[in-house]
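Me: I would like a close look at a single part of this structure, one strand and what lies around it. Please go through it step by step, in plain words.

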Amino acid sequence: MSTNTGERNTTATIEADPDLPIIRITRDFHATTEQLFRAHTDPDLYMKWVGPNDIGTEIDYWDARTGGSWRFTNVRGGEEYGFHGSFHEVSPTRMVQTFTWEAMPEGVSLETLVFEDLGDGWTRLHAQSLVESFEARDGWLNSGMEVGVNDGYAKLDGLVSDGAIA
């Protein structure tokens, strides 16, 4: 179970920007920047940790390079939820990509991830999602997204501590 320990934030902080339709997530991992980068770019690793504990993930395609694209499906019971996007920038310390939930194809968000080396084997993830409106942002925030974010990051912690991400 994740907790906040001293100056390390091992539970995601999820904040709404008051002036822009942006959601900001900050979370510390006892992992290197290289491990977090790999967890976000290797499809076999990504599908093991992303999302809530009660949802499975199937990767349809995943080309994690600048100019590449991706699509995955979340499966819960008999329900499926498709998502797709494009990788606009992929580098070891920063990723920029689009994110679309296929049930709402007009709602494309622009996501930026930054991996900040904190030293002593810790990395801070800064994630930002820019959506089209304040209503869309508030809809995301009220959807229970914090469960999926924190479940997923706890699974990522487990993969790192188990040595699955070298």
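Reply: Strand β4 (residues 22-29) pairs with strand β10 (residues 122-130) in the antiparallel sense, over 8 bridges. The model is a predicted one. Within this pairing, Arg27 of β4 has Leu125 of β10 standing opposite.

β4 also pairs with strand β3 (residues 13-16), again in the antiparallel sense, here over 4 bridges. One of the positions in this pairing is Ile14, whose bridge partner in β4 is Ile25. The two strands β3 and β4 make a hairpin, and 5 residues lie between them.

Is β4 enclosed or open? Of its 8 residues, 6 are buried, so the strand is largely enclosed by the rest of the structure. A general point helps when looking at any strand: in a regular one, side chains alternate between the two faces of the sheet.

The end of β4 leads to the aromatic residues. The charged end of Arg27 sits over the ring of Phe29, at 4.4 Å from the ring centre. Phe29 in turn belongs to one aromatic cluster, whose other members include Tyr46, Trp49, Phe83, Phe99 and Trp140. Trp62, Trp70, Phe72, Phe87 and Tyr153 are also among the members.

The structure holds 13 aromatic pairs. One of them joins Tyr46 and Trp49: the ring centres are 5.2 Å apart and the planes stand at 75°, so this pair counts as edge-to-face. The cut-off behind that word is an angle over 60 degrees between the planes. Tyr46 and Trp49 both lie in helix α2 (residues 43-49), 3 residues apart, which is about one turn of the helix. Tyr46 has a relative accessibility of 10% and therefore counts as buried. Trp49 is buried too, its relative accessible area being 4%. The limit that matters here is that buried means under 20% relative accessible area.

Another pair in the cluster is made by Phe99 and Trp140, which are edge-to-face, with 6.0 Å from centre to centre and 70° between the planes. Phe99 is in strand β8 (residues 94-101) and Trp140 in helix α3 (residues 134-141), so this pair ties together parts that are 41 residues apart in sequence. The two partners fall into separate classes of exposure: Phe99, at 17% relative accessibility, counts as buried, whereas Trp140, at 25%, counts as partly exposed.

Phe99 and Trp140 lead on to the largest pocket. This pocket has a volume of about 1200 Å³. Its lining has 40 residues, and the closest to the pocket centre are Phe83, Phe99, Trp140, Met145 and Val149. Phe83, Phe99 and Trp140 are also members of the aromatic cluster that holds Phe29 of the strand. What kinds of residue make up the lining of the pocket? The lining divides into 24 nonpolar, 12 polar and 4 charged residues. Helix α4 (residues 145-161) gives the most to this lining, with 6 residues.

Val147 is found in helix α4. At 45% relative accessibility, Val147 counts as partly exposed. The C-alpha atoms of Val147 and Phe37 are separated by 22 Å, and the two residues are 110 residues apart along the chain.

Back at β10, the neighbour of β4, the loop between β9 and β10 contains Asp120. Asp120 has a positive phi of about 55°, although it is not a glycine. With a relative accessible area of 70%, Asp120 is exposed. Strand β9 (residues 109-119) contains Leu118, which is partly exposed at a relative accessible area of 23%. Leu118 and Phe99 are 19 residues apart in sequence, and their C-alpha atoms are 27 Å apart in space.

The cluster also includes Trp62, Trp70 and Phe72, and their numbers fall within another pair of strands. Strand β5 (residues 56-62) and strand β6 (residues 69-76) run antiparallel and are joined by 6 bridges. Glu58 has Thr73 as its bridge partner in β6. The hairpin of β5 and β6 has 6 residues between the strands, and in this hairpin Gly67 takes a positive phi near 95°.

To return to the strand itself: β4 pairs with β3 and with β10, and 6 of its 8 residues are buried. Phe29 carries the picture on from the strand into the aromatic cluster.

Note on methods. Residues numbered from 1 in each chain as written. Predicted model: local features only at pLDDT ≥ 70, side-chain atom pairs only at ≥ 80, totals over all residues. Heavy atoms only, no water. Buried < 20%, exposed > 50% of the residue type's maximum accessible area, 1.4 Å probe, protein only. Pairing = 2+ DSSP bridges. 1 Å grid on protein atoms, 1.4 Å probe; cavity = no way out; pocket = protein on both sides within 12 Å on 5 of 7 lines; lining within 4 Å. Points joined across faces, edges and corners; volume = space filled by probe spheres on them. Nonpolar A, V, L, I, M, F, W, Y, C, P; charged D, E, K, R; others polar. Phe/Tyr/Trp six-rings, centres within 6.5 Å; stacked < 30°, edge-to-face > 60°. Lys NZ or Arg CZ within 6 Å of the ring centre and 35° of its normal.
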